[in-house]
Amino acid sequence: MSQMPFNAISHFRHLRRTNARHRARIIAMLTACLLAGVLLTLMLGQSFTPLTTVLRILGGAEVPGAGFTVRELRLPRAVVSVLVGACFGLGGIAFQTMLRNPLASPDIIGISTGASTGAVFAIVVLSLSGPAVSIVAIAAGLGVALLIYSLSWRQGVTGGRLILIGIGLAAMLQSVTAYLLMRAPSWTLQEALRWLTGSVNGAQLDQALPLLVALLLFGGLLLSRRHDLETLRMGDDLAAGLGVRVAVTRVIVVITAVALVAFATAVSGPIAFVAFLSGPIAARLMGRNGSLLIPAALVGALLVLLGDYAGQFLLPARYPVGIVTGVLGAPYLLYLILRDNKTRGSL
Amino acid sequence: MSVCSLLAQGLVAGYGERTILNAVNLNVLAGQTTAIVGANACGKSTLLRVLSRLLTPTQGSVLLEGSDIHLLPTRRLAQQLGFLPQSPIAPEGISVLELVSRGRHPHQGLFKRWSTADETAVADALAATHMSELAERHVDELSGGQRQRVWIAMALAQQTKVLLLDEPTTFLDINHQVDVLDLLTDLNQQRGTTIVMVLHELNLAARYADQLVAMANGQVYAVGPPEKILTEQMVRDVFGLESRVIEDPVTGKPMMIPLGRHGVSKRHQASNTERAVTV
């Protein structure tokens, strides 16, 4: 038991550091991509604005013509895309990690749909606007999460049952949203699409502040639990044996993840599959030795930013971002379901 | 040696309406290996879950060195008492080193990570289980026996005084079963770790345990050294099985040989039918 070679310790320390460096590199790379993506969307739209001009405009200089395009159209869209994407990415990976199943993402199990239905209900029926919509969306998201949880409770919750119930509930909520939209006569197709598939059309900078606050607050809370969340991947019993307060961790993760998703949904609608895709993409890039929260947030931000850009400028017609991410996500969903049928898949 | 490590008093526990443990008392001696045996659904796994605080008893209490485990903070308890469930699932894509390192979780705070003590404990655990060479491998790629070693290494890295294991040898080939039990005995002898495990295999339990706990119908049927506990009478009462118990020529411990309906030689068959008639 104690042929304790000293070099073993340094070898393992070396392995651990190599892994940490690898993770740091990927996070730096994702951050750089995101920054480049933001600059790209600020520079290149219907017209081209040189980088120097963009930087001058961001610095506060008045540039006739380009100033309006960059500051009023492109910047709010980019900022809101990044924040919304990060919120979805975080919310998604939190659920997927906690329930140990990539299908358990909030956009698959009806939580974003619930938040979206709540937002539409608040706008159409209650005639609310601004932060009040977010509050109703969050309440609806939490309510749906609670409903799914209690419906799938049978001496504990298993992932499979929870996911199936969530998918059923999502379908019901989607039709409620569609019904509410049809009852609102003045609704345009653009707006309807926002609440059905998600869009960052007409994003405003003043929408960004509450999103940023939510991201910092709930994202920070989630990050402070990252070790407990990672340990939960080993199963509830083992996690408890390793000193994780399972029930407390669960409650914190559910509340923060639902709040993140609901805040984002209240602004952009349920952008299809961003929460669902971000975590697995991050896992592919990072490997699974360590927390995926930050990379998943970055991947989510990139997905929304680039998806929206592609929907605006790279496709023959203008599509909202949710259509683009939906096209990306649907095949992956099918792949997972097929794989799940063969093996017992997990993230 | 006679210091009491875990003490269960008047445990009543179950799931929902169903009571599984009925007034269980148990005294686990420090530094010993205790094996819990019994037929399926006799409550042995439930007892282990209560001892590890995964299940809260409706009555009674569990004391760890005199303090009620339900009053200890979760992290404190995890520093003193380790638990390995039956066939745990490794997260996909995790490396051996990373999995074993999770054993340090109760010793680490949010910002206080990876001290020298942590590194030493992990390296020590990997060396003890002969897994150092495979540290970089993914757990998914390992054989069943190797995987069980990784889990035990994780429990070792946790460095608890008491280790509870639920059927650590299930689904393993016999060579790996012996290997795992030898490993646990090393741990017990060299570090003085108190081991409590549920075991299916009676003869292995008798061979490796200092103390056998035989359970039947949610109660402790008998507790004591294997020589006193593993008897034909106990096997009959606890498992409803006729058997012969002889001295194991290798270990000198009692060894149980079941008397089934087939394949028994004439000499034993005669007495078997005799018994069957009287039953």
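## A parallel strand pair in chain B

In this predicted model, E7(B) and strand E8 (residues 194-198) of chain B run parallel to each other and are paired through five bridges. One position along this pairing can be located exactly, since B:Val162 stands opposite B:Thr194 in E8(B).

## The six-stranded sheet

Both of these strands belong to an open sheet of six strands in chain B, whose order is E6-E7-E8-E3-E9-E10 and whose pairing is mixed. The edges are taken by E6 and strand E10 (219-224) of chain B, each of which has a single partner strand, so one side of each is left without a neighbour in the sheet. Averaged over neighbouring strands and with direction ignored, the turn of one strand against the next is 15°.

Strand E9 (residues 211-216) of chain B has five of its six residues buried, so it is largely enclosed by the rest of the structure. With strand E3 (residues 33-38) of chain B, E9(B) pairs in the parallel sense over five bridges, and in that pairing B:Ala35 has B:Leu212 as its bridge partner. With E10(B), E9(B) runs antiparallel and is joined by five bridges, and here B:Leu212 stands opposite B:Gly224. E9(B) and E10(B) form a hairpin with two residues between the strands, in which B:Asn217 takes a positive phi near 50°.

## Helix H5 of chain B and its surroundings

Helix H5 (residues 144-157) of chain B contains 14 residues and reaches 20 Å from its first C-alpha to its last, which is close to the 20 Å expected at 1.5 Å a residue. Because 11 of the 14 residues of H5(B) are buried, this helix is largely enclosed by the rest of the structure. Among the buried residues are B:Arg147, B:Gln148 and B:Arg149, as well as B:Val150, B:Trp151 and B:Ile152. The cover over the buried residues of H5(B) includes strand E6 (81-84) and strand E7 (162-166) of chain B, together with helix H3 (96-101), helix H4 (116-128) and helix H6 (174-191) of that chain. Just after H5(B), the backbone at B:Gln159 takes a positive phi of about 50°.

Several residues of this helix are contacts of B:Val100, which, leaving aside its neighbours within four places in sequence, touches B:Val150, B:Ala153, B:Met154 and B:Ala157, and in addition B:Val122, B:Ala125 and B:Leu126.

## The largest nonpolar core

In soluble globular proteins, nonpolar side chains tend to be buried together. The largest nonpolar core here has 183 residues, and those that touch the most other members are A:Val84, A:Cys87, A:Leu211, A:Val261 and B:Val100. H3(A) gives the most to this core, with 16 residues.

## A buried aspartate in chain A

A:Asp107 is placed in the loop between helix H3 (66-98) and helix H4 (111-125) of chain A. With 30 C-beta neighbours inside 10 Å, where 20 or more are required, A:Asp107 counts as buried. Not counting residues up to four places away in sequence, A:Asp107 touches A:Ser112, A:Pro270, A:Ala272, A:Phe273, A:Ala275 and A:Phe276. Of these contacts, A:Phe273 is 166 residues away from A:Asp107 in sequence, although the two C-alpha atoms are 6.2 Å apart in space.

## Positive phi angles in two loops of chain B

B:Arg53, which lies in the loop between helix H1 (44-51) and E4 of chain B, has a phi near 75°, a positive value in a residue other than glycine. Having 22 C-beta neighbours inside 10 Å, B:Arg53 counts as buried.

B:Glu65 likewise is not a glycine and has a positive phi of about 45°, but with 15 C-beta neighbours inside 10 Å this residue counts as partly exposed. B:Glu65 sits in the turn of a hairpin formed by E4(B) and E5(B), which have two residues between them. Strand E4 (residues 59-64) and strand E5 (residues 67-68) of chain B run antiparallel and are joined by two bridges, with B:Leu63 standing opposite B:Asp68.

## Where the two chains meet

Across the interface, 27 residues of chain A are in contact with 35 residues of chain B. On the side of chain A that touches chain B, helix H1 (6-43), helix H9 (226-232) and helix H10 (236-241) of chain A each supply at least two residues, and the largest share, five residues, comes from H1(A). By residue class, this side of chain A divides into 11 nonpolar, 11 polar and five charged residues.

Definitions and conventions:
Residues numbered from 1 in each chain as written. Chains lettered and ligands numbered in written order. Predicted model: local features only at pLDDT ≥ 70, side-chain atom pairs only at ≥ 80, totals over all residues. Contact = placed C-beta atoms within 7 Å. Helix = DSSP H or I, 4+ residues; strand = E, 2+ residues; numbered from the N terminus. Nonpolar A, V, L, I, M, F, W, Y, C, P; charged D, E, K, R; others polar. Buried ≥ 20, exposed ≤ 12 C-beta atoms within 10 Å, placed from the backbone. Core = buried A, V, L, I, M, F, W, Y, C linked by C-beta atoms within 7 Å. Pairing = 2+ DSSP bridges. Expected span 1.5 Å × (residues − 1). Axes fitted to C-alpha atoms, helices over the stretch in contact; angles between N-to-C directions.
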